[in-house]
Amino acid sequence: MIEVLVALLLFMLGVLGMVGLQSSMTRAQTESKVRSDAAYLASELIGRMWSDLTNYATYNGSGCATQTRCKEWQTKVANSLPGGTGAVTVDATTGNVAVTVSWTMPSGDTHQYVTQTTVTKSGS
């Protein structure tokens, strides 16, 4: 009888360990997906800026107050990521652009993805 109880205890500990591992894997998978979405969104904005070279300097700032395409992107970030926000820093003289995408996971962890590139017209 004691052997059966010990066997059940060991089996129960194994099952609890598997449940904990599955939970951990699901959390890591969710965080990974959100990170890849953030990278995609940052690249998307840079693509939008490349297609709008005459106005790329107006994308500057967290509010993108004067640029409709940037506001659309920020709405997409807010809808795609949990607590998502996006900000852009443009140095019009050098063409250096930094895109920052921030989000907060349901657990309360805050994350940030930053990418930098140079956007200039040919011959500039």
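At 18% relative accessibility, Arg48 counts as buried, and that makes a good way into this predicted model. Arg48 pairs with Glu44 in a salt bridge whose closest N and O atoms are 2.9 Å apart, and a search of the whole structure finds five such bridges. Around them sit a three-stranded open sheet, a helix H1 that packs on that sheet and a helix H2 that lies across S1 and S2.

**Charged pairs**

- Arg48 and Glu44 are four residues apart in helix H1, so about one helical turn separates them.
- Glu44 is buried too, at a relative accessible area of 15%.
- Glu44 has a second salt-bridge partner in Lys76, again with 2.9 Å between the closest N and O atoms. Because Lys76 belongs to helix H2 and Glu44 to helix H1, this pair ties together parts that are 32 residues apart in sequence.
- Lys76 itself is partly exposed, with a relative accessible area of 33%.
- A network of salt bridges links Glu44, Arg48, Glu72 and Lys76.
- Asp52 and Arg69 form a salt bridge as well, with their closest N and O atoms 4.0 Å apart. Asp52 is in the loop between H1 and H2 and Arg69 is in helix H2, 17 residues away, so distant parts of the chain are linked.
- In that pair, Asp52 is buried at 10% relative accessible area, while Arg69 is partly exposed at 29%.

**The sheet**

- The three strands are ordered S1-S2-S3, with antiparallel pairing. S1 and S3 stand at the edges with a single partner strand each, so one side of each has no neighbour in the sheet.
- From one strand to the next, the twist averages 15 degrees.
- Seven bridges pair S1 with S2, and nine join S2 to S3 (residues 110-118).
- Val99 is a handy landmark: it is the bridge partner of Val88 and, in S3, of Thr115. Val97 stands opposite Thr117 in S3.
- The hairpin of S1 and S2 has four residues between the strands, and Gly95 there takes a positive phi near 85 degrees.
- The hairpin of S2 and S3 has five residues between the strands, and Gly108 in its turn has a positive phi of about 100 degrees.
- In a regular strand, side chains alternate between the two faces of the sheet. S1 has a covered face made of Gly86, Val88 and Val90, and an uncovered one made of Thr85, Ala87, Thr89 and Asp91.

**Helices and core**

- H1 touches S1, S2 and S3, and its direction makes about 150 degrees with that of S2.
- H2 runs at about 145 degrees to S1.
- The largest nonpolar core has 22 residues, and those with the most contacts inside it are Met49, Tyr59, Trp73, Leu81, Val88, Val99 and Val101.
- The elements giving two or more residues to this core are H1 (2-50), H2 (68-80), S1 (85-91) and S2 (96-104). H1 gives the most, with seven residues.
- What does Val101 contact, leaving aside its neighbours within four places in sequence? The residues are Ala38, Ala42, Trp73, Val77, Leu81, Thr85, His111, Gln112 and Tyr113.

Methods:
Residues numbered from 1 in each chain as written. Predicted model: local features only at pLDDT ≥ 70, side-chain atom pairs only at ≥ 80, totals over all residues. Heavy atoms only, no water. Core = buried A, V, L, I, M, F, W, Y, C linked by side-chain atoms within 4.5 Å. Buried < 20%, exposed > 50% of the residue type's maximum accessible area, 1.4 Å probe, protein only. Contact = heavy atoms within 4.5 Å. Pairing = 2+ DSSP bridges. Axes fitted to C-alpha atoms, helices over the stretch in contact; angles between N-to-C directions. Salt bridge = Lys/Arg side-chain N within 4 Å of Asp/Glu carboxyl O.
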